[in-house]
Structures are given as C-alpha cells and as structure tokens.
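Biologist: I should like a close look at a single part of this model. Please begin with one residue and its surroundings, and then set that part in the context of the chain.

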Amino acid sequence: MSDTPVATLSWPARLGRLLVLVLLAGLALQLYFLLRIALMTVIDPASTTFQRSEIWRLATTQGRVDWAQEWRDYEELGQPIARAVIASEDAGFVEHSGVEWDAIEKAWERNQRAEAVAERRNEQLERRQQQALARGRAPAEPPPRVEPKVVGGSTITQQLAKNLFLSGERTAARKAQEFVITFMLEALLSKRRILEIYLNHVEWGEGLFGAQAAARHYFRIDARRLGAMQAARLAVMLPAPKRFERRPGSGYLTGRAGTIAARMGAVQPPR
C-alpha cells in the first residue's frame, strides 16, 4: 500500500472549478432553450410551462382537469383577434426587438408608487390595531395586509418567453432569463410566428387556453368570426383572465373593450 500523500486542491482552485461548472450548466441551459425555440419554426409547441403548472394545480386542488384548447394556424385565427391583442397588450409589437424599455421604466415607477401607498396603508392599519389593543378592544384577528397592485411592462414576446419556459416568480434571475429567451425568440422566429404561438397558448380563463377555445367558450363562434368588439373584450381579459371570467359583465371590461376596438383600425398585424 503506497504512503504517497494525495494532493488536494486549494480552496481558490475548488472555487474556480465550481464556477466553471456553474458557467457550463448555464450555457447548457441556454443551448436547450435555443434548440427548443429553433424547433418552433417548424413544430407547434404542444404545451407551455405555465400550462403544465396549471394542469398540476387543477389536478391537485380540484381532483380533475377541465381543459379547453384548440390550435389554429395564424390565418384561421382571423385578423380581429390579432389586432385587438396587439392594440391592448403591445402596440409596438411589430416594430420593437422584443423589449420596450420605456414601458418597463414606466411600470417600475408605477409599482414603486403602489408599494409606497400600500406601505403607508399598512402602517395606518398597524397603528389602529395598537390603539385598539391599548383600549382593550383587540380585534379577533389582525387585518390583512394591503398588497400593492403590481403592473407589468412586458411585451407579447416577453409574455410568451415566460409562459413557454419560466415560472411566475418575481426575481431578478427569472427576469434576466426572460430577457435572454425573448431575444432568442425574436432572433429565430418571425413576428407572425411569435403571435401565432402566443394566441394559441395564452390563458383566457380557468383551464381555457388559446383564442379558438376562448371564442367558443365566450361567444360560441370560431375565432376567425369574431367581431371587433368581441375580439376587444377577449384582449382586455388577458391581464387577469380568471377574474374577468367570473365577472363578464364588468363595467371596466366593457369600457376598456370600447377603447381597444376604436384603436384596432390603426393596428397592422404581421402577415
């Protein structure tokens, strides 16, 4: 048996090796995303990460999965829904390269103001609770915290990037990965293809995905037969589809749909 001592790596060398492995893993992940997107030039994606998470949620919370989705090629979806979604979600879709930096900056500023308002409101609630305790009239349970209303500045391409591959968590790492995937989508797919995939996979209600299924569910017609106001109503639902599904007669929904319908004539969707 040899008594030759086994050489051990110093901690800087071990740290360097670990960093190399992390870098290689990150590059491999980006290559995976790139190859998946390249396949989408010729193969329609069957599902998205968000859809699979919804299937799991429905199966575990309700014990069943009520699901509606019907893929339709871009021409079969019709121009009204394409115009309405662009007018409502991303007016600069055909011009930008995937990210609208001005929209992101404005959304960040609005979110900062909303967080400040929510924080002040929570401080007021906490003071009232302390005053009630001092008077011996403590509430049965503390009041719920006020959560800020967060808005996004994401383009259609960014929304597709998130839905296809990522979770809904709000972290810097997830947002950075969203940017990378967004630029991959814009580099490899045409605007027409991006919009086609988006319209076929975006959520329009509980277990309801894609423009065709939404048109059948809400109006009992095919997507290509949607009128301007019908398409506008569907487009306005996109930021909160489950909420608007429960409140189809919402005054906001009707008013906002009228505004979007008026803008649709100025929208030129990709052909």
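**A helix and its surroundings**

Modeller: The residue I have chosen is Q51, which lies in helix α2, the run of residues 49-62. The model is a predicted one, and everything below should be read in that light. Is Q51 buried or exposed? Q51 counts as buried because its relative accessibility is 1%, where the cut-off for burial is under 20%. Which residues does Q51 touch, once its neighbours within four places in sequence are left aside? They are A46, W67, Q69, H201 and F209.

The residues on either side of Q51 in sequence have other settings. F50 counts as partly exposed, since its relative accessibility is 26%. R52 is also found in helix α2, and it is partly exposed because its relative accessible area is 38%. With neighbours within four places in sequence left aside, R52 is in contact with S47 and L164. The C-alpha atom of R52 is separated by 10.0 Å from that of N163, a residue 111 places away along the chain.

Both N163 and L164 are among the buried residues of helix α6. Helix α6 spans residues 156-165 and is mostly covered, with 9 of its 10 residues buried. Those residues are I156, T157, Q158, Q159, L160, A161, N163, L164 and F165. F165 also belongs to a cluster that ring pairs form with Y32 and F33.

That cluster leads to the aromatic pairs, of which the structure holds 5. Y32 and F33 form a tilted pair, because their ring centres are 5.6 Å apart and their planes stand at 50°. Y32 is partly exposed, as its relative accessible area is 39%, whereas F33 is buried, with a relative accessible area of 6%. The pair of F50 and F209 brings us back to helix α2: the ring centres are 6.1 Å apart and the planes meet at 65°, so this pair is edge-to-face. F50 lies in helix α2 and F209 in strand β2, so the pair ties together parts that are 159 residues apart in sequence. F209 counts as buried because its relative accessibility is 0%. F209 is also one of the contacts of Q51.

Y32 and F33 fall within residues 15-35, where an unreviewed UniProt entry places the feature "transmembrane region". Over residues 15-35 the chain is 100% helix and 0% strand, and the C-alpha atoms at the two ends are 30 Å apart.

Strand β2, at residues 208-209, also takes part in covering another element, helix α9. In helix α9, which comprises residues 211-219, the residues A211, Q212, A213, A214 and A215 are buried. What covers them includes α3 (74-77), α4 (79-89), α8 (191-201), β1 (203-205), β2 (208-209) and α10 (228-237). Just after helix α9, R220 takes a positive phi of about 60°. The contact list of Q51 includes H201, and residue 201 closes helix α8.

Two charged side chains sit over aromatic rings. K191 lies over the face of F93, at 4.7 Å from the ring centre. The charged end of R243 sits over the ring of F244, 4.7 Å from its centre.

It remains to place this part within the whole. The chain contains 12 helices and 2 strands, and from the N terminus on its elements run α-α-α-α-α-α-α-α-β-β-α-α-α-α. Of the 271 residues in the chain, 36% are buried. Among contacts with a separation of 6 or more, 72% are between residues 24 or more positions apart. The accessible surface of the chain comes to about 16100 Å², and carbon and sulfur atoms account for 57% of it.

As for the predictor's confidence, the chain averages a pLDDT of 86, and 80% of the residues score at least 70. Among the elements of the chain, helix α8 has the highest mean pLDDT, 98, while helix α5, at residues 101-134, has the lowest, 62.

Technical notes: Residues numbered from 1 in each chain as written. Heavy atoms only, no water. UniProt positions renumbered as here; feature names shortened; annotations may be inferred. Helix = DSSP H or I, 4+ residues; strand = E, 2+ residues; numbered from the N terminus. Buried < 20%, exposed > 50% of the residue type's maximum accessible area, 1.4 Å probe, protein only. Contact = heavy atoms within 4.5 Å. pLDDT = per-residue confidence, 0-100. Phe/Tyr/Trp six-rings, centres within 6.5 Å; stacked < 30°, edge-to-face > 60°. Lys NZ or Arg CZ within 6 Å of the ring centre and 35° of its normal. Areas by Shrake-Rupley, 256 points an atom, 1.4 Å probe, with all protein chains shown as cover.
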